[in-house]
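I opened my notebook to look up a few things in this structure. I want short entries, one topic at a time.

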Amino acid sequence: ICSFTLLSTLTGLPILYLSIALGFLLNLAPALLLSWAVNFISVIATFYLVRFAFTSYFRERYGEKKLIQRINTRIQKYGMWTVVFSRGIYIIPTNVINFSFPLSNISVRSYLLGTSIGLLPETILNVVTGYLIKHEVILLSAPETRTWQALVIGGFILLFVLVIVIL
């Protein structure tokens with residue numbers, strides 16, 4: 001799962017399912033830690049790859065545009081917080097964030113700090129969803145299943161899915 005996460009991030013494929021799988025397969029704390037660490041390493045690898053491979057071409061071609069200059073000015077001013085909120089909102093696709101910030105003038109330090117904080121909501125949501133799915137399956141397969149427990153856990157799963165779909 002870890003190598004698939006790295007490969008998915010570098011190629012622009014979604015990693016949502018891999019974090020959910022970690023939540024399903026592991027206990028909650030190790031799954032959260034492993035998912036966050038693998039996502040962080042993957043994002044940083046993507047950052048350096050994009051920064052070294054495409055930044056000079058992007059700046060030559062689009063660097064003089066006023067919109068790009070305004071975005072770079074704001075990113076330099078609010079760098080880390082721009083990354084935190086971009087990742088934490090969970091509306092902007094992570095691949096847009098992964099491939100656009102390295103093209104900006106953001107410092108590596110601001111990007112690292114912003115990413116480390118901004119990945120937390122996404123990681124928690126995805127891993128807890130997998131964890132709840134696992135326990136829903138266990139609960140429903142037990143002979144002494146209580147309907148209200150199944151409804152509560154199912155409601156939480158539905159809530160997480162709705163949050164993912166709406167946001």
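**Entry 1: the overall layout**

I read along the sequence first and wrote down the pattern α-α-α-α-α-α-α. I note that the model is predicted. How many helices and strands does the secondary structure come to? I found 7 helices and 0 strands.

Next I looked up burial for the whole protein. Buried residues are 39% of its 167 residues. The accessible surface is about 9,900 Å². Carbon and sulfur atoms hold 73% of that surface.

I also checked the contacts with a separation of 6 or more. Of these, 76% join residues 24 or more positions apart.

**Entry 2: the largest nonpolar core**

Which residues make up the largest nonpolar core? I listed 11 residues in all: Phe-40, Val-43, Ile-44, Phe-47, Ile-75, Val-83, Ile-97, Phe-101, Ile-106, Tyr-111 and Leu-119. Then I asked where they come from. Helix 3, helix 4 (66-89) and helix 6 (108-141) each supply at least two of them. Helix 3 gives the most, with 4 residues.

I picked Val-83 from the core and looked up its contacts. I left aside neighbours within four places in sequence. Val-83 is then in contact with Phe-101, Ile-106, Tyr-111, Gly-114 and Thr-115. Phe-101, Ile-106 and Tyr-111 are on the core list too.

Another core lies apart from this one. I counted it in as a core of 9 residues, including Leu-16, Val-128, Ile-157 and Phe-160.

**Entry 3: aromatic rings**

I turned to the rings. A pair of aromatic rings is described by the distance of the centres and the angle of the planes. The structure holds 7 aromatic pairs.

I took Phe-47 and Tyr-48 to begin with. Their ring centres are 5.5 Å apart and their planes stand at 80 degrees. Why is this pair edge-to-face? The angle of 80 degrees is over 60, so the pair counts as edge-to-face.

Then I moved on to Tyr-48 and Phe-52. Here the centres are 5.9 Å apart and the planes are at 15 degrees. That angle is under 30 degrees, so I wrote this pair down as stacked. Tyr-48 and Phe-52 are 4 residues apart in helix 3, so about one helical turn separates them.

Are these three rings buried or exposed? Phe-47 has a relative accessible area of 1%, so I call it buried. Tyr-48 is at 33%, so it is partly exposed. Phe-52 is at 65%, which is over 50%, so it counts as exposed.

I also noted one aromatic cluster, formed by Phe-47, Tyr-48, Phe-52, Phe-101 and Tyr-111.

**Entry 4: Ser-35 and Tyr-17**

I looked for Ser-35 and found it in helix 3 (residues 28-62). Why does Ser-35 count as buried? Its relative accessibility is 1%, and the cut-off is under 20%, so it is buried. Which residues does Ser-35 touch? Not counting residues up to four places away in sequence, I found Ser-19, Leu-22, Thr-123 and Val-127.

Tyr-17 came last. Its place is in helix 2 (residues 16-25). Tyr-17 has a relative accessible area of 58%, so it is exposed. I checked its distance to Val-127, a residue that Ser-35 touches. Tyr-17 and Val-127 are 110 residues apart in sequence. In space, they are 9.4 Å apart, C-alpha to C-alpha.

Key
Residues numbered from 1 in each chain as written. Predicted model: local features only at pLDDT ≥ 70, side-chain atom pairs only at ≥ 80, totals over all residues. Heavy atoms only, no water. Helix = DSSP H or I, 4+ residues; strand = E, 2+ residues; numbered from the N terminus. Buried < 20%, exposed > 50% of the residue type's maximum accessible area, 1.4 Å probe, protein only. Contact = heavy atoms within 4.5 Å. Phe/Tyr/Trp six-rings, centres within 6.5 Å; stacked < 30°, edge-to-face > 60°. Core = buried A, V, L, I, M, F, W, Y, C linked by side-chain atoms within 4.5 Å. Areas by Shrake-Rupley, 256 points an atom, 1.4 Å probe, with all protein chains shown as cover.
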